[in-house]
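Trainee: I would like a close look at the nonpolar interior of this model. Please take the core and then the parts around it.

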Amino acid sequence: MICDLHIGFHKTGTTSLQALLAANRSRLGAPLFNDTDTAIMPLRAACLAFEKRPDEASGQSIAREIGKLIASVEGAERMVLSTEALCGPIPAPKRRGGVYQSAPEILAWIKNGAGSHVVRFHACVRDEQGWLSSLYRHLLRTRGIKLSEVAFGNLPAFANFRFAELVAEIEKKVGPIHVWSMKDDLETRLGPGTGFLRALGFSDNALAEWQTVEAKNPGLSPRAVALL
C-alpha cells in the first residue's frame, strides 16, 4: 500500500485542503482520513503527546497507532491522510524548543510504524512573513496572547524560523518529502490542496471535475487585530 500523508503545516491552507478532500471522497479513489475522522484521534493524540515526552515509549505509541490505521484499510492500494498533528502541536511562544522541533522524530516514528508499506510525506509551505502573520492572528483569536505582532515575530524561535531548514531536518530522518507552495495553490481553481492532488497523480483534466469548496479560516482583519 502507498500511504500519502499530508503533514501540514499549520496556517498553510490545511483546513481548506481537508474540506476539499472530504467534498470529493468519491473522486479520490482511496480511503481518506482527515482531522474530522474519529479513527485518527488516537494517532493525533500520540503525536501531540510526543512533544511533551519525546522518548522511546511515546515514539512506539505513534508507531502502533499508524500501524493500526493502515491495518484498518488492509487491501487498499492507497491510503490518504491529512492532519497537522504529524508535525506536532501548533507553534506558540511557550512551546518547548524551536518551531516544530519534534516533527522530524514524529515522522520517523510514523515511517517506522508503517513497516513495509510505502510512505510518502507531503507538506505545504508559504513565505515565512505571511505564515507568521497568520499564525499570530490565530493565536490572538484562540489563545489571547498578550504580545504585539511585532514582538511576536521578533521572538528568537519565530524570527529565525525557515521552512527550508525545517524540511531539511525532516529529510535527514525520513528521506525526501514532497513540498509545494501555498502561493501556487491560491492561483488554481480548487485553491489549497491542488499541489497535493497533483502529487497524487491527478491531471488538470481530472481535477476539472472536482467540486470546489469555500476557503476556510480566513483569519482576522487588521481592524479585529487592533481591537483585540
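Mentor: In this predicted model, the largest nonpolar core comprises 51 residues, and Phe9 and Ile110 have the most contacts inside it. Strand E1 (2-6), helix H3 (41-52), helix H4 (56-71), strand E3 (78-82), helix H5 (103-113), strand E4 (118-125), helix H6 (128-143) and helix H9 (163-174) each contribute at least two residues to this core. H6 gives the largest share, six residues. Ile110 shows how such a residue is surrounded: leaving aside neighbours within four places in sequence, Ile110 is in contact with Leu5, Leu43, Cys47, Ile62, Ile66, Leu86 and Phe121. Another core lies apart from this one and has 17 residues, including Leu21, Leu28, Trp180 and Leu197.

Leu21 leads to helix H1. It is one of the buried residues of H1, together with Thr14, Ser16, Leu17, Gln18, Ala19 and Leu20. H1 spans residues 14-23 and is mostly covered, with seven of its 10 residues buried. The cover over these buried residues includes strands E1 (2-6), E2 (32-33), E3 (78-82) and E5 (178-181), as well as helices H2 (25-28) and H11.

Next comes a glycine that touches H1. Gly193 sits in the loop between helix H10 (182-185) and helix H11 (194-199). Gly193 has a relative accessible area of 2%, so it is buried, the cut-off being under 20%. Setting aside neighbours within four places in sequence, Gly193 is in contact with Leu17 and Asp185; Leu17 is among the buried residues of H1. Between the C-alpha atoms of Gly193 and Trp180 there are 9.4 Å in space, and the two residues are 13 apart in sequence. Trp180 is itself one of the residues of the 17-residue core.

Strand E1 supplies at least two residues of the 51-residue core and also helps to cover the buried residues of H1. A polar residue, Asp4, is found in E1. Asp4 counts as buried because its relative accessibility is 0%. The side chains of Asp4 and Arg120 are joined by a polar contact of 2.8 Å. With neighbours within four places in sequence left aside, the contacts of Asp4 are Arg78, Met79, Val80, Leu81, Arg120, His122, Phe196 and Leu200.

Note on methods. Residues numbered from 1 in each chain as written. Predicted model: local features only at pLDDT ≥ 70, side-chain atom pairs only at ≥ 80, totals over all residues. Heavy atoms only, no water. Helix = DSSP H or I, 4+ residues; strand = E, 2+ residues; numbered from the N terminus. Buried < 20%, exposed > 50% of the residue type's maximum accessible area, 1.4 Å probe, protein only. Contact = heavy atoms within 4.5 Å. Core = buried A, V, L, I, M, F, W, Y, C linked by side-chain atoms within 4.5 Å. Polar contact = N/O pair within 3.5 Å; in protein donor to acceptor, adjacent residues only side chain to side chain.
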